[in-house]
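Q: I am new to this structure and would like to learn how to read its pockets and its aromatic rings. Could we take these topics in turn?

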Amino acid sequence: MNDQTPTHGPATICVHAGTHLDKHTGGIGSPIFPCTSYAYPNPANENIYPRYFNVPNQRVVATKMAALEKGEDALVFGSGMAAISTVLFAYLKPGDHALFQADLYGGTHHFIVTELSAFGIEVGFAATPAEFESALRPNTRVLYVESPSNPLLRCVDLAAVGKLSREHGVLSVIDNTFATPINQNPIPLGIDAVVHSATKYLNGHTDVNAGVVISSRPVVRKVAEYAVNHGGTLDAHACYQLERGLKTLALRVGRHNENAGRLATFLQDHPAVSRVNYPGLTRHPDHEIASRQMRGFGGMLSFELGEPARVDELLRRLRLATPALSLGGVETLVCLPSQTSHRSMSCEERQRAGISPGLVRVSVGIEDIEDLLEDFDQALKF
Ligand SMILES: *Cc1c(COP(=O)(O)O)cnc(C)c1O
């Protein structure tokens with residue numbers, strides 16, 4: 001493994017951390033180790049097996065992610081939901097209570113209300129650290145947030161959440177998928193565990209489904225005990241692809257930040273647009289919190305059309321930006337949360353959550369910004 005010191009910058013860590021140097025050939029990148037069986041005793045004196053989350057290609061990605069998020073250790077999963085569900089099941093038992101941020105990724109919300117309740121785990125939802133504090137109960141074990149959130153890009157004060165969780169002996173967890181470790185490191189701010197859908201920015205090329213958990217060694221060890229039973233592993237080939245994607249993460253996210261900032265400003269000034277949600281805009285309600293805890297504001301934004309009825313027309317007229325689900329890849333994608341991620345909600349629930357029919361979510365890619373601005377400009381000329 002390449003040695004990493006905490007003094008290295010994130011772009012250096014992206015390129016080098018965790019690389020499994022090939023002693024036999026001198027190859028400077030990690031080889032793929034597809035084996036499911038390893039002779040013993042081995043140098044690590046460990047029983048190596050993919051479902052034990054310890055084969056070489058899994059360890060490469062885990063080491064890189066632990067270094068990027070400034071945690072002690074990490075586990076790589078077969079999807080973001082495998083990472084999220086395994087952490088929650090590792091820390092929650094029947095009779096326990098868990099608090100979640102009110103606006104969550106749809107898949108996480110669905111998991112909470114179907115699975116956790118079925119296992120006799122009580123759940124509550126809140127929006128701010130003050131609301132979290134008053135919703136805490138003696139049996140609360142987990143405090144789970146997402147910042148920035150989907151699709152309104154609301155940000156929560158992570159230092160305040162971390163402090164609250166420490167004071168009450170509760171595990172704090174954040175889904176850091178939207179920010180990436182390039183823009184935001186929650187662990188140094190006091191959050192216990194970070195989860196990612198690596199399917200998005202971490203891989204970045206829209207061709208791998210994966211997840212990661214990063215935390216202290218004791219927390220990762222506890223999650224690993226459950227992970228072995230739940231079996232949500234990632235195979236060596238996909239780990240290799242994810243490692244390759246991660247090498248350019250800092251470069252890509254820098255460009256995503258730049259492009260999203262430019263597109264947000266353009267849309268804010270456009271007469272056909274009534275509102276833009278992007279934490280980098282001074283008008284965003286959480287701009288101050290975001291400025292304090294983020295190094296960049298990310299590649300995700302959403303906006304509302306002045307005439308919501310024209311939203312389908314807008315999607316048809318875009319030539320470069322593609323109407324599609326998912327996010328975080330090199331290509332610009334657009335979707336309508338009211339018809340996709342938040343479709344299962346009732347009209348009133350959507351209204352309460354601020355998801356209007358004219359809301360468009362954009363995952364801003366790394367194309368030339370002039371081409372993107374031109375595309376949105378021509379599509380908005382109704
Ligand atoms: C996509 C996503 C997930 C789920 O990840 P999968 O890799 O699809 O399982 C969780 N959280 C956020 C914020 C996401 O965007």
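Q: Which helices each supply at least two residues of the lining of the largest pocket?

A: Please keep in mind that this is a predicted model. In it, helix H4 (106-118) and helix H13 (347-353) each supply at least two residues of that lining, and H4 gives the largest share, 4 residues. The largest pocket has a volume of about 750 Å³, and of the 30 residues that line it, the closest to its centre are Ala102, Asp103, Leu104, Met345 and Ala353.

Q: Where does the largest pocket lie with respect to domain 1 and domain 2?

A: One reads this from the lining: domain 1 (10-246) and domain 2 (254-379) both give residues to the lining of the largest pocket, so the pocket lies between them. By class, the residues of this lining divide into 13 nonpolar, 10 polar and 7 charged.

Q: What is the volume of the second largest pocket, and which residues are closest to its centre?

A: The second largest pocket holds about 650 Å³ of space, and of its 27 lining residues the closest to the centre are Ala44, Ile48, Asn54, Pro56 and Arg59. Helix H2 (56-69), strand S1 (73-77) and helix H8 (217-230) each supply at least two residues of this lining, with the largest share, 4 residues, coming from H8. The classes here are 17 nonpolar, 4 polar and 6 charged residues.

Q: How many aromatic pairs does a search of the whole structure find?

A: The search finds 8 aromatic pairs. In one of them, the rings of Phe100 and Tyr144 have their centres 5.5 Å apart and their planes at 50°, so the pair is tilted, since only planes over 60 degrees apart count as edge-to-face and those under 30 as stacked. Phe100 lies in strand S2 (residues 97-101) and Tyr144 in strand S4 (residues 140-146), so this pair ties together parts that are 44 residues apart in sequence.

Q: Are Phe100 and Tyr144 buried or exposed?

A: A residue counts as buried under 20% relative accessible area; Phe100, at 0%, is therefore buried, and Tyr144, at 1%, is buried as well.

Q: What kind of pair do the rings of Phe303 and Phe376 form?

A: Their centres are 6.4 Å apart and their planes stand at 75°, so the pair is edge-to-face. Phe303 belongs to strand S9 (residues 300-305) and Phe376 to helix H14 (residues 369-379), so parts 73 residues apart in sequence are tied together.

Key:
Residues numbered from 1 in each chain as written. Predicted model: local features only at pLDDT ≥ 70, side-chain atom pairs only at ≥ 80, totals over all residues. Heavy atoms only, no water. 1 Å grid on protein atoms, 1.4 Å probe; cavity = no way out; pocket = protein on both sides within 12 Å on 5 of 7 lines; lining within 4 Å. Points joined across faces, edges and corners; volume = space filled by probe spheres on them. Nonpolar A, V, L, I, M, F, W, Y, C, P; charged D, E, K, R; others polar. Domains from an automatic or database assignment. Phe/Tyr/Trp six-rings, centres within 6.5 Å; stacked < 30°, edge-to-face > 60°. Buried < 20%, exposed > 50% of the residue type's maximum accessible area, 1.4 Å probe, protein only.
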